[in-house]
Amino acid sequence: MNKPRILIVEDEERIARVLELELEHEGYETKKVLDGLDALGAFRAEPFDLVLLDVMLPGLDGMGVLRRIRQGSDVPVIMLTAKDEVADKVTGLDLGASDYVTKPFDMDELLARIRAALRKTVQSSSLSAADLVVKEESREVTRGGQAIELTPREYDLLIYLLKNKRHVLSREQLLDGVWGYDYYGDTNVVDVYIRYVRNKIDKPFELPLIHTVRGVGYVLKES
Ligand code: CA
């Protein structure tokens, strides 16, 4: 599991530093920038799971940053606003901020809001191919609305295939990705589990999703 990456945009260096330390202590990976233009640069250069965004910033203010971010991304953004900036909260939410925290903020409250915002992202992420849908939060698998029961290993294999949809995966890749590098055994186990998963998600339905690529491995795709 990768550490969630958080972009901290705050021009008050003392606050930015505290945020950086606290968030890293909580197990997040962070990058901090001190103005709005650097924030956009950083955001375009690398992926982030969440943005903490101060409103009053030199260069480009928080609203401007938020507006630009929202042109191409639905990453959760938590605005950091001063107590008397009520209008900013409204504007921020209108522009698509996920949440806001009033400064001076309570660190535990901020951390709770960060966790909530990240959880929401996970909840809303469902993986699908044709009429097959997997809700990762609840581990529900359905095809054509029909619930499908998978064992944990079958589920992991299906998720790995779905996350690499349309990419041909070798048995070794599947073994590493699903069973892990420390698995001692041969790649036949992959074929066995592919058969199990196929029996459940493909066999009862018309359109097969898991395809064998001879001499290479497997691919999950719609046609
Ligand atoms: Ca500021």
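**Reasoning through a predicted model**

Colleague: Why does R166 count as exposed?

Modeller: R166 has a relative accessibility of 55%, and the label exposed applies over 50%, so R166 earns the label. Do keep in mind that we are looking at a predicted model.

Colleague: Where does R166 sit, and what makes its phi worth a remark?

Modeller: R166 belongs to the loop between α6 (152-163) and β10 (169-170). Its phi is near 70 degrees, which is positive although R166 is not a glycine. Most residues other than glycine have a negative phi.

Colleague: What about A130, with its phi near 50 degrees: why is it called partly exposed?

Modeller: The relative accessible area of A130 is 42%. Buried needs a value under 20% and exposed one over 50%, so 42% puts A130 in the partly exposed class. A130 lies in the loop between β6 (126-129) and β7 (132-135), and its phi is also a positive value in a residue other than glycine.

Colleague: How do you know that the peptide bond between K103 and P104 is cis?

Modeller: Look at omega, which is about -5 degrees for the bond joining K103 and P104. P104 is found in the loop between β5 (99-103) and α5 (107-124). Most peptide bonds are trans.

Colleague: Let's turn to the metal. What makes D11, D54 and M56 donors of the calcium ion?

Modeller: For calcium, a donor atom must be within 3.2 Å. The OD atoms of D11 and D54 and the O atom of M56 lie 2.1 to 2.3 Å from the ion, so these three residues are its protein donors. Their spacing in sequence is D-x42-D-x1-M. D11 is in the loop between β1 (5-9) and α1 (13-25), and M56 is in the loop between β3 (50-54) and α3 (62-72), so the pair ties together parts that are 45 residues apart in sequence.

Colleague: How do the accessibility classes of D11 and M56 come out?

Modeller: D11, at 31% relative accessibility, is partly exposed, while M56, at 55%, is exposed.

Colleague: Why is strand β4 described as largely enclosed?

Modeller: Count its residues: β4 (residues 77-82) has six, and five of them are buried, so the rest of the structure largely encloses this strand. β4 also pairs with β3 in the parallel sense, over four bridges, one of them joining V51 to V77.

Colleague: And why are α7 and α8 called roughly perpendicular?

Modeller: Helix α7 (residues 171-179) packs against helix α8 (residues 188-201) at an angle of about 75 degrees. Roughly perpendicular covers 65 to 115 degrees, so this pair of helices fits. Their axes are 9 Å apart. R171, L174, L175 and W179 of α7 meet V189, V190, D191 and Y193 of α8, and this contact has six nonpolar, no polar and two charged residues.

Colleague: Last one: what makes β10 and β11 edge strands?

Modeller: Their open sheet runs in the order β10-β12-β11, with antiparallel pairing. Each of β10 and β11 (210-213) has a single partner strand, so one side of each is left without a neighbour in the sheet. β11 joins β12 (residues 217-220) over four bridges, and I210 has L220 as its partner there. Helix α8 lies across β11 and β12.

Conventions. Residues numbered from 1 in each chain as written. Predicted model: local features only at pLDDT ≥ 70, side-chain atom pairs only at ≥ 80, totals over all residues. Heavy atoms only, no water. Axes fitted to C-alpha atoms, helices over the stretch in contact; angles between N-to-C directions. Helix = DSSP H or I, 4+ residues; strand = E, 2+ residues; numbered from the N terminus. Parallel < 35°, antiparallel > 145°, perpendicular 65-115°, else oblique. Contact = heavy atoms within 4.5 Å. Nonpolar A, V, L, I, M, F, W, Y, C, P; charged D, E, K, R; others polar. Donors = N, O, S within 2.8 Å, 3.2 Å for Na, K, Ca; no water. Buried < 20%, exposed > 50% of the residue type's maximum accessible area, 1.4 Å probe, protein only. Pairing = 2+ DSSP bridges.
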